[in-house]
Amino acid sequence: MAFSVTSSPAVHNTSSFEQTRAANFGAFQPLDRPHLPSTAVSFSRRRCAVKALNAEPRRNDTIVPAAATLFAPEVVEKVEVEDYDKLAENLENASPLEIMDKALEKFGNDIAIAFSGAEDVALIEYAHLTGRPFRVFSLDTGRLNPETYKLFDEVEKRYGIRIEYMFPDAVEVQDLVRSKGLFSFYEDGHQECCRVRKVRPLRRALKGLRAWITGQRKDQSPGTRSEIPIVQVDPVFEGLDGGIGSLVKWNPVANVKGNDIWNFLRAMNVPVNSLHAQGYVSIGCEPCTRPVLPGQHEREGRWWWEDAKTKECGLHKGNIKDGNLNGNGNGAIHANGTATHADLFTTQSIVNLSRPGIENLLKLENRKETWIVVLYAPWCQFCQAMEGSYVELAEKLAGSGVKVAKFRADGEEKAFAQQELQLGSFPTILFFPKHSSRPVKYPSEKRDVESLMVFVNALQ
């Protein structure tokens with residue numbers, strides 16, 4: 001608001017002075033101070049009128065602090081609610097750089113990039129290329145690989161930034177380790193440890209933001225990330241303003257393939273985690289991450305002892321929708337209950353076992369032929385990844401006296417498979433020898449034809 005400063009001669013008519021006191025700041029006389037000290041300015045002799053431009057008309061109130069006339073009436077601005085479904089649709093074919101620029105422009109200092117120390121370093125490069133200021137935070141669980149910490153340091157130096165690290169609550173970690181040990185997640189699942197070391201620190205970080213940026217891609221994880229949008233209202237976490245809908249989640253590389261991410265990183269000479277050169281693709285905490293092998297999906301290097309559909313730590317829990325794994329015919333209900341997949345291993349060289357068929361196979365003590373059976377679920381990307389090698393194995397074993405079969409072990413059959421068929425995760429491969437009733441479980445994660453042939457030849 002602009003102000004005009006004027007000076008007027010001494011006032012001798014007190015009645016005129018009282019009428020103009022509400023319009024002239026210089027005429028304001030403090031209450032309860034009828035006699036000013038001699039050192040004070042005498043407003044009766046000379047005053048400085050500071051009059052607001054476009055001020056309100058004179059008011060008739062008997063006592064009105066003149067300072068009130070310096071401010072325009074408060075205007076309640078109507079806030080337009082953003083339609084993020086529509087925005088996601090509009091950005092569906094946009095480049096990651098364009099999406100990143102839009103996110104940073106829209107939220108400024110109230111948005112930050114979530115950096116895990118893996119290939120999501122591409123997000124930081126995209127943010128840097130926009131020329132806009134940006135923030136980066138990371139969750140230090142206390143159990144990261146040394147190579148990941150080294151990458152953090154390299155990234156800070158390259159981009160001239162300070163990563164905002166979030167740490168787990170020390171008392172919670174202490175209680176967990178003292179009560180259940182350092183590696184309890186191998187026995188009862190990773191969710192509890194992740195909740196203490198990752199989810200709760202993330203929740204604290206996001207409470208200081210209105211939006212966050214993730215490196216999720218649709219091709220990363222079976223059953224959980226295939227439908228992630230470019231931008232969405234976060235369905236799980238709350239932001240700065242609190243409550244449902246107070247946080248926006250951006251996924252700039254949702255539509256980008258893993259190979260294209262790596263082409264970008266190489267082209268821009270971006271520093272990457274040295275673990276990638278050792279076969280690691282998806283990188284998390286050291287005890288829960290390992291290299292992947294030929295024929296394996298990248299996410300299979302995480303929590304490999306668990307079922308494929310649970311391979312989320314809780315940071316993106318909103319990707320997992322209610323549903324079940326029941327289904328019949330050629331289609332299967334997806335792990336998130338929203339999509340179907342065609343059956344796998346559909347070739348004449350592979351026997352499709354029913355529940356009675358696999359039960360009979362279990363009961364036989366002296367079989368005429370040896371069998372190799374894969375326990376699978378059509379929606380499982382790890383099963384999908386090995387389909388080619390398993391079909392080729394069947395073709396190689398044709399006429400050898402080894403029967404190659406499959407048994408769909410999800411849905412209603414899952415409990416049976418876990419109890420009777422040693423099912424731990426999909427796929428599970430079993431070998432039924434001729435002279436033993438108990439099947440032998442294939443112990444390796446190598447699912448190429450050569451490795452499977454070695455397993456068969458060693459036992460028949």
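Val374 of strand 12 stands opposite Lys406 in strand 13. This pair belongs to a predicted model, and it is one place to start reading the structure. Strand 12 covers residues 370-376, and strand 13 covers residues 402-408. The two strands pair in the parallel sense, over seven bridges. Strand 12 is also joined to strand 14 (residues 428-432), by five bridges, and here the strands run antiparallel. Within that pairing, Ile372 stands opposite Phe431 of strand 14.

How much of strand 12 is buried? Seven of its seven residues are, and the strand is mostly covered. In a regular strand the side chains alternate between the two faces of the sheet. In strand 12, Thr370, Ile372, Val374 and Tyr376 lie on one side, while Trp371, Val373 and Leu375 lie on the other. Both faces are covered, and the residues on each side are all buried.

Helix 14 (residues 449-459) has buried residues too: Val449, Ser451, Leu452, Met453, Phe455 and Val456. An α-helix has 3.6 residues a turn, so residues three or four places apart point the same way. The buried residues of helix 14 pack against strand 12, strand 13 and strand 14, and also against helix 12 (387-397) and strand 15 (440-441).

Another part of the model holds an open sheet of six strands, in the order 5-4-3-6-8-7, with mixed pairing. Its edges are strand 5 (164-166) and strand 7 (231-233), each of which pairs on one side only. From one strand to the next, the twist averages 25 degrees. Inside this order, strand 6 (residues 211-213) and strand 8 (residues 248-250) run parallel and are joined by three bridges. Ala211 has Val248 of strand 8 as its bridge partner.

Just before strand 8 comes Leu247, found in the loop between strand 7 and strand 8. At 0% relative accessibility, this leucine counts as buried, because the cut-off for buried is under 20%. Leaving aside residues up to four places away in sequence, Leu247 touches a group of residues including Leu206, Leu209, Ala211, Trp212, Val233 and Phe237. The C-alpha atoms of Leu247 and Lys207 are separated by 8.6 Å, although the two residues are 40 residues apart along the chain.

Helices lie across this sheet. Helix 4 lies across strand 3 (111-114), strand 4 (136-139) and strand 6, and runs at about 145 degrees to strand 3. Helix 8 (residues 191-206) lies across strand 4, strand 5 and strand 6, at about 155 degrees to strand 4.

Helix 4 (residues 121-130) also meets helix 5 (residues 146-159): their axes come within 12 Å and cross at roughly 5 degrees. The two helices are therefore roughly parallel to each other. Helix 4 brings Val121, Ile124, Glu125 and His128 to the contact, and helix 5 brings Val155, Arg158 and Tyr159. These residues divide into four nonpolar, one polar and two charged.

Last come the cysteines. How many disulfides does the structure hold? The number is zero. A disulfide is a covalent bond between the sulfur atoms of two cysteines. For Cys288, the nearest cysteine sulfur is that of Cys285, 6.0 Å away. Cys288 is in no disulfide, because that takes a pair of cysteine sulfur atoms within 2.5 Å. Cys288 counts as buried at 8% relative accessibility. Cys194 is buried as well, with a relative accessible area of 8%.

Definitions and conventions:
Residues numbered from 1 in each chain as written. Predicted model: local features only at pLDDT ≥ 70, side-chain atom pairs only at ≥ 80, totals over all residues. Heavy atoms only, no water. Buried < 20%, exposed > 50% of the residue type's maximum accessible area, 1.4 Å probe, protein only. Axes fitted to C-alpha atoms, helices over the stretch in contact; angles between N-to-C directions. Helix = DSSP H or I, 4+ residues; strand = E, 2+ residues; numbered from the N terminus. Parallel < 35°, antiparallel > 145°, perpendicular 65-115°, else oblique. Contact = heavy atoms within 4.5 Å. Nonpolar A, V, L, I, M, F, W, Y, C, P; charged D, E, K, R; others polar. Pairing = 2+ DSSP bridges.
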